[in-house]
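Hi,

Here is the structure I promised to send over. Have a look at it first, and then read on for what turned up.

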Amino acid sequence: MNEKKEPSVLQGFKAFLMRGNVVDLAVAVVIGAAFTNIVNSVVKGIINPLVGAVGTKSLDNYRSCLKDPCKVAADGTVTSGIPIMWGSVLGATLTFVITAAVVYFLMVLPMSKYLARQEARRREREGTKEIVEVTELEVLKEIRDALVAQRGSGHDRQ
């Protein structure tokens, strides 16, 4: 009669959502999406115009023709030929490299240094405990040896 009640599906779902790593992952995805928009804006608003100032146009407009004649309409549709849009690929690569660099230098590197300091502190505390334990063990051995020596000398007197 004393049956265990199975948790409901909603309770299981709530427990799943409240686990720390799921919430952390959700926050990371939201921040990552917002950050990607910032990096895309930097590439399109700063890097593309700089390339345009040095070169002849924005990165997105650089292309080569695999099959002549290449004609692309103003809206980006190909009317003839086979263009290779290597400028867009280069822009996406720059976006990725900038995003990866910022994530590494602002998030990964500081977190690894912090975790390394925590680990060093933990090892230092454990090392201190070991030294104390070894010292206590040595003292106990000395006491034991002294007691054994006293017992041995006490038997000689009788």
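Helix H3 gives the nonpolar surface patch its largest share, 5 residues. Keep in mind that this is a predicted model.

The full patch is made up of Val23, Val27, Ile31, Tyr104, Phe105, Leu106, Met107 and Val108, and together they offer about 760 Å² of accessible area. Both helix H2 (20-54) and H3 put in at least two residues each. If you want one to click on, try Val23, which sits in helix H2. Val23 has 39% relative accessibility, so it counts as partly exposed.

Now for the overall layout. The protein has 3 helices and 2 strands, and going from the N terminus the order is α-α-β-β-α. Of the 158 residues, 8% are buried. The exposed area comes to about 13200 Å², with carbon and sulfur atoms supplying 65% of it. If you take the contacts between residues at least 6 apart in sequence, 33% of them link residues at least 24 apart.

Back to H3, this time for the charges. There is a positive surface patch built from Lys113, Arg117, Arg121, Arg125 and Lys129. Arg117 belongs to helix H3, which covers residues 86-157, and Arg117 is partly exposed at 46% relative accessible area.

Then the salt bridges: the structure has 4 of them. Side chains of opposite charge can pair when their charged atoms come close. Here are three to look up:

- Glu119 and Arg122 pair up with their closest N and O atoms 2.2 Å apart. They are 3 residues apart in helix H3, so about one helical turn separates them.
- Glu119 also bridges to Arg123, where the closest N and O atoms are 3.3 Å apart. This pair is 4 residues apart in H3, again about one helical turn.
- Arg122 meets Glu126 at 2.6 Å, N to O. These two are likewise 4 residues apart in H3, about one helical turn.

Because these bridges share partners, Glu119, Arg122, Arg123 and Glu126 end up joined in one network.

How exposed or buried are the members of that network? Glu119 is partly exposed at 28% relative accessible area, Arg122 is partly exposed at 31%, and Glu126 is partly exposed at 38%. Arg123, at 56%, counts as exposed.

Shout if anything is unclear.

Cheers

Key. Residues numbered from 1 in each chain as written. Predicted model: local features only at pLDDT ≥ 70, side-chain atom pairs only at ≥ 80, totals over all residues. Heavy atoms only, no water. Patch = residues over 30% accessible without salt bridge, like charges linked within 9 Å, V, L, I, M, F, W, Y side chains within 5 Å. Areas by Shrake-Rupley, 256 points an atom, 1.4 Å probe, with all protein chains shown as cover. Salt bridge = Lys/Arg side-chain N within 4 Å of Asp/Glu carboxyl O. Lys, Arg positive; Asp, Glu negative; His and termini not counted. Charge placed at Lys NZ, Arg CZ, Asp CG, Glu CD. Buried < 20%, exposed > 50% of the residue type's maximum accessible area, 1.4 Å probe, protein only. Contact = heavy atoms within 4.5 Å.
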